[in-house]
Amino acid sequence: MRNLAIGATAVLAVLAGPVAAGPAPAAPATAKGAETAKAASVHGKGRIAYIESLDHDIRFSIDAQQKPFTRPLPGVLPNGLATDAEGTLKFSHTTPDGFRGWAEAKVDCLVTSGRTATLTAVVDKSNVEETGTRLGISVQQGADGEPDRLGFSWGVVNIDPANLDEEGRPNRLQAGSCMAPAPFTTVTGGGFEVVHAEIRKTPTTAPVR
């Protein structure tokens, strides 16, 4: 079970972070040119304002790039998925009393649409999250002077009231690949660049490795 030491609302508020946007959408990849088509990506770092913890210092850092069809699932998805990705997600959450929760996670999925992206990453190191937990993040690039926004899968969402721990508190459910809520927080410092690319059609033959 995850460490619930961060704040009184820890089951809802353990993280948060920044967002941004990027270039115009790439043209859909064709079968002939798929290997050279642009890949989606999200890069940057920032601080967010989370309504449950406005006096907390919550920061995210994302370095993620789509790597289509690089995570095969033998017998199920021999080619992997068009949304396969790699990279790193980091976050930190410092409370007013000085406690600092943090995590580093490896990106496994990324999908974009215009100025918005969702990605997931599996925890590798942390003092507040269990190793192997998948985290879901969404980012949205601001336009016309609007701020970037960010959402995360462990705050105010993804709760099953019937799934409780031994103390009667809701357990947080693990996010599926590329699953994240709408970007419900505001990025107040820093930001992210989101590069959009259309997803590619699954190959009809197994990739050469």
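These are questions and answers on the fold, core and cross-links of a predicted model.

Me: What limits apply to the model and its numbering?
Reply: Residues are numbered from 1 along each chain as its sequence is written, and side-chain values use heavy atoms, with hydrogens and water left out. The model is predicted: totals for chains, interfaces and linings use all residues, side-chain atom pairs count only at pLDDT 80 or more, and local features need pLDDT of at least 70.

Me: How many helices and strands does the protein chain have?
Reply: Helices (H or I, at least four residues) and strands (E, at least two) are DSSP runs, numbered from the N terminus. Read along the sequence, the pattern is β-β-β-β-β-β-β-β-β-β. The count is zero helices and 10 strands.

Me: In what order do the strands of the closed barrel run?
Reply: Two strands pair if DSSP finds at least two bridges between them. The barrel has eight strands with antiparallel pairing, and the twist from one strand to the next averages 30° (axes are lines fitted to C-alpha atoms, for helices over the stretch in contact; angles run from 0 to 180 degrees between N-to-C directions). The order is 1-2-3-4-5-6-7-10.

Me: How many bridges join strand 1 to strand 10?
Reply: Strand 1 is joined to strand 2 by eight bridges in the antiparallel sense. Strand 1 also pairs with strand 10, again antiparallel, and there Ile-48 has Val-187 as its bridge partner. The number of bridges between strand 1 and strand 10 is nine.

Me: Which residue of strand 3 is the bridge partner of Arg-59?
Reply: Strand 2 and strand 3 run antiparallel and are joined by 10 bridges. Within this pairing, the partner of Arg-59 is Ser-92.

Me: Which side chains of strand 2 point to the buried face?
Reply: In a regular strand the side chains alternate between the two faces of the sheet. Strand 2 shows this alternation, and Asp-57, Arg-59, Ser-61, Asp-63 and Gln-65 point to the face whose side chains are not buried (buried means under 20% relative accessible area, exposed over 50%, partly exposed in between, with a 1.4 Å probe and protein chains only). The buried ones on the other face are Ile-58, Phe-60, Ile-62, Ala-64 and Gln-66.

Me: Which residues have the most contacts inside the largest nonpolar core?
Reply: A nonpolar core is a set of buried Ala, Val, Leu, Ile, Met, Phe, Trp, Tyr and Cys residues joined through side-chain atoms within 4.5 Å. The largest one has 30 residues, and strands that each supply at least two of them include strand 1 (41–49), strand 2 (57–66), strand 3 (85–94) and strand 5 (116–126). Those with the most contacts inside this core are Val-42, Phe-60, Ile-62 and Ile-137.

Me: Which residue of strand 2 is the bridge partner of Gly-44?
Reply: Val-42 stands opposite Ala-64 in strand 2. Gly-44 is among the residues in contact (heavy atoms within 4.5 Å) with a strand 2 residue that also touches Val-42, Leu-119, Ile-137 and Phe-192, leaving aside neighbours within four places in sequence. The bridge partner of Gly-44 is Ile-62.

Me: Why does Leu-135 count as buried?
Reply: Leu-135 is found in strand 6, and its C-alpha atom is separated by 7.7 Å from that of Trp-154, 19 residues apart along the chain. Leu-135 counts as buried because its relative accessibility is 1%.

Me: Which side chain makes a polar contact of 2.7 Å with that of His-56?
Reply: His-56 lies in the loop between strand 1 and strand 2 and is buried, with a relative accessible area of 11%. A polar contact is a pair of N or O atoms within 3.5 Å; within protein, one must be able to donate a hydrogen and the other to accept it, and residues adjacent in sequence count only if both atoms are side-chain atoms. The partner of His-56 at 2.7 Å is His-93.

Me: Which residues does the disulfide join?
Reply: A search of the whole structure finds one disulfide (a pair of cysteine sulfur atoms within 2.5 Å). Its two cysteines are 69 residues apart, one in strand 4 (residues 100–113) and one in the loop between strand 9 (170–172) and strand 10 (185–195). The link is left-handed, with -105° about the S-S bond. The S to S distance is 2.0 Å, and the residues joined are Cys-109 and Cys-178.
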